[in-house]
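Please open the model in your viewer and keep the sequence panel beside it. The stops below say what to select next and what is to be found there.

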Amino acid sequence: MKIQKEDVLKALQTITVPGEGQNMVESGAVKNVIVFGDEVVVDITIANPSLQAKKRTEVDILKTIHDLVYAKAKIKVNLKVEAPAAQPKNEIKGKQIPGIKNIVAVASGKGGVGKSTVTANLAVTLAKMGFKVGVLDADIYGPSMPIMFDVEAERPLSVTIDGKAKMKPVENYGVKILSIGFFTKPDQAVVWRGPMAAKALNQMIFDAHWGELDFLLLDLPPGTGDIHLSIMQSLPITGAVVVSTPQNVALADAKKGVAMFQQESINVPVLGIIENMAYFTPEELPENKYYIFGEAGAKHLAEDLKVPFLGELPLVQSIREAGDVGRPAALQTATALEKAFETLTQNVVQEVVQRNDDLPPTEAIKITTMAGCSSVKK
């Protein structure tokens with residue numbers, strides 16, 4: 001008996017591929033049907049790689065053609081598995097903290113690049129823009145936020161919330177702050193192993209009464225280590241910002257910092273890279289720029305890694321002086337520094353909005369108070 005190809009296709013329309021709704025012809029699973037007299041060859045591709053799915057598909061094809069077309073047909077099934085490519089996910093991990101909308105980690109692969117200074121100035125700029133802001137000084141071994149916010153002598157108070165004792169963060173310049181520096185003496189070294197440091201951090205995170213915050217900034221320690229993993233396991237990090245100087249030594253470590261957040265097991269979105277100490281301009285020569293640590297190194301790194309470049313900050317003496325006296329430089333008015341920090345902060349906010357747009361609606365927490373910022377379409 002001569003078998004017609006149309007009859008075979010009509011028969012295959014009565015069965016489906018395991019796990020799919022459409023029949024195997026309409027779904028595109030059947031790639032080709034060849035007929036030679038009473039011989040039939042069916043080329044089919046399925047997405048399910050399990051042995052059970054492959055066996056069932058083959059058996060269904062054989063039985064259907066025998067039942068509906070020709071009982072003595074000689075059938076060969078060429079079955080191929082093509083699993084769909086895994087879509088990248090922006091994961092939210094950890095335990096949600098009620099009232100905190102976005103948690104942004106500020107990291108650096110290397111110490112001494114100005115990560116804490118950038119964190120402090122980002123925080124006060126966000127507060128100036130009208131956001132409710134908190135800073136968690138997660139740099140257990142080198143806490144500097146109490147100095148930068150001029151609250152060294154302050155201590156968190158205990159408040160009772162829903163029958164439980166909670167720490168009330170110290171507040172200055174409209175920013176709520178918690179740091180291990182509040183609980184140690186100025187000349188006391190924190191000599192703790194990883195688990196003890198992680199426990200202290202968890203207490204500052206979950207035993208604190210942060211209230212309503214648009215942003216909680218995490219000032220992470222330099223490098224890629226145990227504290228970072230503990231933080232990312234404990235908190236639903238919205239995204240990470242990496243700070244670097246333009247020099248190759250710092251860029252090599254910044255690259256590792258970005259890679260840490262992008263690991264499949266961590267998968268924290270990198271909001272972008274900030275270039276600190278980008279250039280030096282003498283006060284007496286305002287038109288001159290001297291690239292002491294190299295030119296545009298962090299910008300080029302961001303391009304190579306395909307992450308946003310959030311902006312550059314100059315090497316200015318007043319930034320260091322402002323941090324030392326506990327009044328972040330971004331609090332200055334009508335200065336080039338104020339403008340630089342405002343531009344940088346707006347870019348961070350825009351990237352947070354963009355990142356939240358990419359999340360499932362059930363998990364994303366949107367910013368509704370934009371304070372002059374808008375989402376950047378990339």
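Begin by selecting Gly134, whose bridge partner in strand E10 is Leu216; strands here are DSSP runs (E, at least two residues) and helices likewise (H or I, at least four), numbered from the N terminus. This is a predicted model, in which local features need pLDDT of at least 70 and side-chain atom pairs count only at pLDDT 80 or more, while totals for chains, interfaces and linings use all residues. Residues are numbered from 1 along each chain as its sequence is written, and side-chain values use heavy atoms, with hydrogens and water left out.

Gly134 also stands opposite Lys176 in E9. Widen the selection to the strands themselves: E5 is joined to E10 by 5 bridges, the two running parallel, and 5 bridges also join E5 to strand E9 (residues 175–179), again parallel; strands are taken to pair if DSSP finds at least two bridges between them. Within E5, Val133, Val135 and Asp137 point one way and Gly134 and Leu136 the other, and all are buried, where buried means under 20% relative accessible area, exposed over 50%, and partly exposed in between (1.4 Å probe, protein chains only).

Next, select Phe131 and Phe215. Their ring centres are 5.2 Å apart and their planes at 90 degrees, so the pair is edge-to-face; rings of Phe, Tyr and Trp (its six-membered ring) pair if their centres lie within 6.5 Å, with planes under 30 degrees apart counted as stacked, over 60 as edge-to-face and the rest as tilted. Phe131 sits in the loop between helix H3 (115–128) and strand E5 (133–137), whereas Phe215 belongs to strand E10 (residues 213–219), 84 residues apart. Phe131 is buried at 3% relative accessible area, and Phe215 is buried at 1%.

Move on to Tyr279 and Tyr291, with ring centres 6.2 Å apart and planes at 65 degrees, which is also an edge-to-face pair. Tyr279 is buried, at 15%, but Tyr291 is partly exposed, at 35%. Add Lys289, which lies over the face of Tyr279 at 4.4 Å from the ring centre; this requires NZ of Lys or CZ of Arg within 6 Å of the centre and within 35 degrees of the ring normal.

Finally, select Phe341, one of the residues with the most contacts inside the largest nonpolar core, which has 44 residues; such a core is a set of buried Ala, Val, Leu, Ile, Met, Phe, Trp, Tyr and Cys residues joined through side-chain atoms within 4.5 Å. Helix H10 (residues 336–357) supplies the largest share of this core, 8 residues.
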